Structures are given as C-alpha cells and as structure tokens.
Amino acid sequence: MTTSLLHTAAPSSRRLHAGLALFIIAVIIAPMVAGSVGGNYWVRIIDLALLYIMLALGLNIVVGFTGLLDMGFIAFYAVGAYLAALLASPHLLSAYPLLQVWLPEGLHTSYWLIVPAAALLSALCGILLGAPTLKLRGDYLAIVTLGFGEIIRILMRNLDRPINITNGAKGISGVDTLSLFGVKFSGVQHLFGLKIPSLWLWYYLLVLMIVLIIAICLRLQHSRVGRAWHAIREDEDVARAMGIHVRNYKLLAFAMGASFGGVAGALFAAFQGFVSPESFTLQESIAVLAMVVLGGMGHIPGVILGAVLLTGLPELLRSQAVPVQQALFGSVLIDPEILRQLFYGLALVLVMLLRPAGLWPARHTEVKV
Amino acid sequence: MTLLTIRDLSKRFGGVQAVDNVSLSIQPGEIYGLIGPNGAGKTTCFNLITGLYRADSGHFALNDTPYSPRNVEKVTRAGIARTFQNVRLFNEMSVLENVMVGRHVRTHNGLWAALSRHRRARQEEAQTRELAWHWLEFTGIAPFAHYRACDLAYGHQRRLEIARALATEPLLLALDEPAAGMNAAEKVALGELLQRIRNSGKTLLMIEHDVKLVMGICDRLTVLDNGKVIASGSPQSVRSDGNVIAAWLGGHKHG
C-alpha cells in the first residue's frame with residue numbers, strides 16, 4: 001500500500017525539515033516533560049508504549065506488508081522474554097543447584113548475547129509457525145496462529161514439571177537488569193554530572209532500537225523483498241505466476257516479524273525484572289494486532305500512532321476515570337477497567353466503520369498527467 | 001528450431017476429456033492463436049502450458065530442450081510469462097511497482113541487499129526501475145506510472161498486465177483472452193501493440209474469442225473443439241476448413 005513512489009513531497013522540504021527537527025526535539029524531551037508532569041509513572045507508561053511500538057512494527061511486517069493475519073504474535077515476545085529470564089536470572093541455578101559447580105557466580109549472560117539470541121530463536125519459532133501454515137489463508141491462518149500463541153503461553157505455564165524450566169505460573173523473577181558500557185539501567189544513575197532516572201535511560205535506549213527497526217522496515221519495504229511481500233499480499237497466485245517463491249518470502253516475513261518481537265521480549269524481561277505467562281495472553285496478541293490495524297496496516301507512521309494511542313489512552317483513562325466521575329456525579333459509577341474495555345471496543349468499531357484503512361493509512365496521490 | 005513444442009497433451013477432469021492428444025509447435029517470432037468454441041479446452045491447454053495444471057500425459061519442449069511445467073514459479077523462470085483472462089494486478093501497488101515485480105524473477109537482491117544497499121544492490125534496483133519504465137513506455141502507460149493499478153482504466157489495466165509479463169523477459173508471452181471486454185477501438189490498439197511486441201522479437205501465444213482480431217494478427221492458429229485439434233495452419237487455410245465452419249456454425253452440440 002505504501003511506497004516512496006506514492007508519497008508526494010507535498011510540503012516544501014524546508015517545512016519538512018523544520019517539522020522533523022521539532023519532532024526530534026519532542027522525542028528527546030518527552031521523558032523530562034512526562035516525568036515533571038506525571039512523575040515516573042508516566043515515564044514508565046511511555047517505556048511500555050515503546051515496547052509495544054516495537055511489537056507492532058514487527059507484526060506489521062507479517063500482517064501489513066505480507067498480508068498474513070497473525071493472531072499469536074505475542075508468542076514471540078514470550079520467547080524473547082523467557083530466553084532472557086532463563087539466561088540472566090537465578091532461577092535455573094536455584095532449580096538445579098548442581099549447576100552451581102560450573103557457575104559459582106550465578107548465571108548472568110550478557111545482554112549483548114541475549115538480545116541477538118532472542119532475535120534468532122524467535123525467528124526460528126516464526127519459521128516453525130510459518131512452515132505448517134503456508135497453504136492457509138485469511139481466517140484459517142488466523143486460527144492456527146492464535147492456537148500457536150496459546151500453545152506457547154500454556155507451555156510456559158506448565159513447564160515446571162517434571163523438570164522445572166519456566167517455573168510455571170509463578171513466573172521467573174530476579175531477571176538481571178540491563179547494563180550497557182558499565183551503565184546500569186536501574187535506580188538513578190549519575191552520568192556526565194547529571195542525575196538520570198533509569199526509566200529515562202530505558203526510554204532513550206528503546207527509542208534508538210525503534211529508530212533502528214524503522215530503518216530496517218523502510219529499507220525492506222522499498223526493496224525487491226518488500227515488493228515481493230506486497231505482491232503476495234495483493235494476489236498470492238499472481239505473485240507465484242511472477243516467479244516469486246511465495247513459500248520462502250512468507251517464511252522470511254514470519255521470521256523477520258518474530259525477531260523484532262523476540263528482541264522486544266528480551267528487553268521487556270530486563271525492564272520488568274520479572275516474567276510470567278500472564279504477560280503473554282491472547283488479549284495481548286489482539287491488542288498488538290489492533291494497533292497495526294487501527295493505525296494503518298503496512299504504513300509505518302500509522303502503526304506507530306496506533307501503538308501510542310492504544311497504550312496511552314487506556315492509561316489516561318485509568319488515571320482520569322475516577323476523579324472525573326467523582327467530579328461529575330459525586331461517585332464512581334463505572335469501574336475504570338470496564339470503561340477501558342468499553343472504549344477500546346467502541347474505538348475499534350468506529351475506526352473500522354469510518355476509516356477502514358486505519359487512522360493514518362498510506363497516502364495515494366495521483367500524478368497529474 | 002521451434003520455440004515451444006507440445007506433443008500428445010492430454011488432461012482429464014473426472015469424466016470429461018478436456019484436452020485430448022493435442023500437439024502444436026510454435027516458431028520463434030510468431031503470434032500463435034489458440035481458438036475454439038466455449039468449452040473446447042483452450043484454457044485448460046493454456047493452464048497446462050503455464051504449469052497451473054499438471055498434464056496426464058504429453059511432452060513439452062521449450063527451445064528444443066525438454067521442459068516440464070511442474071510449478072508456476074519455474075515456468076516463469078524458464079521463460080513463459082502469462083496474463084490472465086480476468087485482469088489480475090497487484091491493485092494497491094503503483095503501476096510502476098507492478099512492472100518492477102515482473103523483474104523479480106530476473107533479479108537477485110535478497111535480504112542483505114535490501115538492508116545494506118551495497119553498490120551492486122543499488123545498481124540492480126536502478127536497473128529494475130529503468131527496465132520497468134521501458135516497458136511502461138513500450139506499452140504506452142508510462143504517464144500513469146504512479147497511479148494505483150486499480151485506478152487505471154480497463155484498457156490500460158490490460159496493457160499493464162502485458163507490461164508486467166514482458167518485464168519477466170519471456171521467450172513466450174502467453175495471453176489469455178487479451179481482448180476480453182474491450183471495445184472496437186481498444187481492440188485495434190491492442191492488435192497494434194501485440195504486433196509491436198512480435199516485431200521486437202518476442203513470440204506470442206494467445207487464446208482469443210474475437211475472430212477478427214485473431215485472423216488479423218495471428219501468423220498461425222490451432223483450432224480446438226471438444227479437446228481435440230480440428231484444424232491448424234495459417235488464418236486463411238483455417239478459415240476455409242470444413243471442420244472449423246461446422247464447429248462454429250452449428251451441426252455440433254458445442255457450436
């Protein structure tokens with residue numbers, strides 16, 4: 001749907017540059033503003049939103065670029081998160097004290113190793129999921145991927161017996177916090193004579209990761225690979241008749257999307273310091289899918305908008321629903337959580353009715369002849 | 001030398017012998033017509049040649065080397081590009097991109113090339129774009145290059161399909177009813193385009209209902225009826241063939 005060719009450079013390039021500069025400044029000062037207005041709570045929300053952006057961008061490759069409806073995407077997030085939790089927490093050593101002979105200092109794998117490993121392992125899982133579903137289309141694919149997502153979650157929940165790998169429903173706690181170049185991403189750090197809360201560090205790290213992911217997505221999109229994906233999305237049979245190896249390109253899309261999910265998962269584990277199966281429910285998969293669809297499938301800025309809205313607005317509602325209702329009616333009539341779900345559904349229905357291509361779809365402008 | 005030889009091709013669907021011992025040979029640089037009444041087996045024949053169906057029996061040779069149209073991807077790579085009876089474009093992609101997809105099978109840029117954009121990758125991408133423009137100009141739809149494919153007028157969509165097929169550098173361009181749904185003026189323009197394609201050295205195979213168009217531009221024809229070849233040769237000889245007249249003008253259940 002979206003290509004550089006179809007985009008016009010409608011605003012003059014100077015206005016574009018000014019806008020870009022403003023945007024970058026806004027991104028840089030966002031945690032300071034959020035921190036001073038709403039405290040660390042809001043910086044934390046923003047950090048989580050950034051993780052969701054990473055997920056949504058990954059899913060966008062599968063759903064948006066290639067047109068494969070994946071309802072179990074959160075499974076790759078889970079794979080990344082559990083990999084990090086297993087390799088960088090005391091869990092395995094406490095479950096198997098024998099290991100302490102080899103690892104007297106505990107298992108603290110470097111995140112420089114964990115993050116690429118999470119990307120690889122998730123990509124592999126993506127291929128494992130993709131391979132049996134190659135012939136399925138639309139709804140059928142959705143059901144199988146949904147099942148895959150649930151299988152991963154249930155595995156994580158039950159792999160505590162007979163041998164304890166995932167610690168079951170209790171989850172794994174004490175995951176090492178991230179530390180890069182000697183800077184620990186916890187508490188308050190003193191850098192260049194400034195006191196910087198670790199939540200800010202996380203923010204900047206995640207923004208950098210997202211910039212990297214966007215660059216990868218854009219390069220893929222405007223390449224032979226991206227065109228092959230789009231062709232498959234538009235008409236699989238004709239894509240095949242054009243000599244496109246549909247099987248390989250579908251698997252590549254699954255693997256690429258999954259690897260972003262895996263990286264996000266590993267960072268999530270380090271960010272929370274705790275993982276449990278409850279973070280990877282079907283509802284999470286649907287939420288990420290909703291971000292992609294609501295924002296504008298296949299359109300990177302739209303997908304980011306969708307992720308920001310669907311993580312930000314519920315939080316806003318959660319914090320404002322009680323005081324607003326008390327001010328209006330003197331008491332709390334509807335529980336914020338119920339209200340959240342109500343608005344969530346309403347928003348999706350409205351967007352699908354009024355803007356079926358998403359809030360910010362790719363623009364198609366015709367060149368005047 | 002023949003470009004495509006088909007010998008004793010047969011295909012049965014349940015109780016229906018759709019294609020029955022069909023043989024034909026297409027010479028390089030000609031427009032070859034495959035005609036016949038409805039249900040004669042033209043489209044089945046076409047789908048056998050382009051690898052969509054698998055033949056029950058028969059032999060193919062492309063450029064005098066044995067060739068088995070096993071799957072659609074490989075047929076395109078081997079050098080047979082097709083268009084579809086009801087236009088099938090990549091609707092949400094631009095006209096230019098549609099043709100660029102046609103280059104897929106002759107290019108190699110993979111994941112690493114896409115991410116790193118090294119020099120060779122950029123060269124290939126530039127060449128893809130250049131050739132796509134070339135085919136758009138050749139087929140006369142370059143002014144619409146940045147339109148979405150689905151926004152094109154019908155006649156132009158047909159041309160885009162041909163441009164996309166030409167971009168795969170086919171030895172044989174196989175057209176499934178290219179004039180379907182066109183008005184008289186569009187048909188004349190299409191005939192000119194097809195002749196221009198032949199004059200550029202390509203070989204064409206077309207299924208067509210429009211007798212005037214077929215008789216006007218085809219160098220040789222094969223007429224099918226009930227899955228069997230009932231006549232083949234130049235348009236003049238086919239036109240006066242008794243079997244053909246009977247098949248078209250009645251005296252026959254399919255007529």
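**A buried helix and its surroundings**

1. A good place to start is helix H3 of chain B, whose buried residues are Val95(B), Leu96(B), Glu97(B), Asn98(B), Val99(B), Met100(B), Val101(B) and Gly102(B). Please keep in mind that this is a predicted model. The helix runs over residues 95-102, and eight of its eight residues are buried, so H3(B) is largely enclosed by the rest of the structure.

2. What do the buried residues of H3(B) pack against? Within chain B, they pack against helix H5 (119-139) and helix H6 (154-166). H8 of chain A is a further packing partner, so to speak, from across the chain boundary.

3. That brings us to the contact between the two chains, which takes 28 residues from chain A and 31 residues from chain B. On the side of chain A that touches chain B, helix H7 (198-221), helix H8 (224-234) and helix H9 (236-241) of chain A are the elements that give two or more residues. H8(A) provides the largest share of that side, seven residues. Sorted by class, the side of chain A that touches chain B has 15 nonpolar, six polar and seven charged residues.

4. Now for chain B as a whole. Ten helices and ten strands make up its list of elements, and its C-alpha trace spans about 65 × 40 × 35 Å along the principal axes. The radius of gyration of chain B is 19 Å, which agrees with the value near 18 Å for a compact globule of 255 residues. Of the 255 residues in chain B, 48% are buried. Taking contacts in chain B between residues at least 6 apart in sequence, 67% join residues at least 24 apart.

5. Chain B is divided into domain 1 (1-79 + 170-255) and domain 2 (93-169). The C-alpha centres of these two domains lie 27 Å apart. Where they meet, nine residues of domain 1 of chain B are in contact with ten residues of domain 2 of chain B. Helix H2 (72-78) and helix H7 (184-199) of chain B each supply at least two residues of the domain 1 side. By class, that side has five nonpolar, two polar and two charged residues.

6. Strand S9 of chain B is worth a look too. Is this strand mostly covered or mostly exposed? S9(B) covers residues 220-225 and is mostly covered, with five of its six residues buried. Its pairing with strand S3 (residues 31-35) of chain B is parallel, over four bridges, and here Gly33(B) has Leu221(B) as its bridge partner in S9(B). With strand S10 (residues 228-233) of chain B, S9(B) pairs in the antiparallel sense over five bridges; Leu224(B) stands opposite Val229(B) in S10(B). S9(B) and S10(B) form a hairpin with two residues between them, and Asn226(B) in the turn has a positive phi of about 55°.

7. Finally, the largest nonpolar core has 180 residues, and those with the most contacts inside it are Met54(A), Ala56(A), Ala84(A) and Ala266(A). Helix H2 (residues 40-65) of chain A gives the largest share of this core, 18 residues. Both domain 1 (1-79 + 170-255) and domain 2 (93-169) of chain B give residues to this core, so it lies between them. Leaving aside neighbours within four places in sequence, Met54(A) is in contact with Met209(A), Ile210(A), Ile213(A), Phe260(A), Val263(A) and Ala264(A).

How values were computed. Residues are numbered from 1 along each chain as its sequence is written. Chains are lettered from A and ligands numbered from 1 in the order in which they are written. This is a predicted model: local features need pLDDT of at least 70, side-chain atom pairs count only at pLDDT 80 or more; totals for chains, interfaces and linings use all residues. Two residues are in contact if their C-beta atoms, placed from the backbone, lie within 7 Å. Ala, Val, Leu, Ile, Met, Phe, Trp, Tyr, Cys and Pro count as nonpolar, Asp, Glu, Lys and Arg as charged, and the others, Gly among them, as polar. Domain bounds come from an automatic or database domain assignment. A residue is buried if 20 or more other C-beta atoms lie within 10 Å of its own, exposed if 12 or fewer, and partly exposed in between; C-beta atoms are placed from the backbone. Two strands pair if DSSP finds at least two bridges between them. The radius of gyration is taken over C-alpha atoms; the globule rule is 2.2 Å times the number of residues to the power 0.38. A nonpolar core is a set of buried Ala, Val, Leu, Ile, Met, Phe, Trp, Tyr and Cys residues joined through C-beta atoms within 7 Å.
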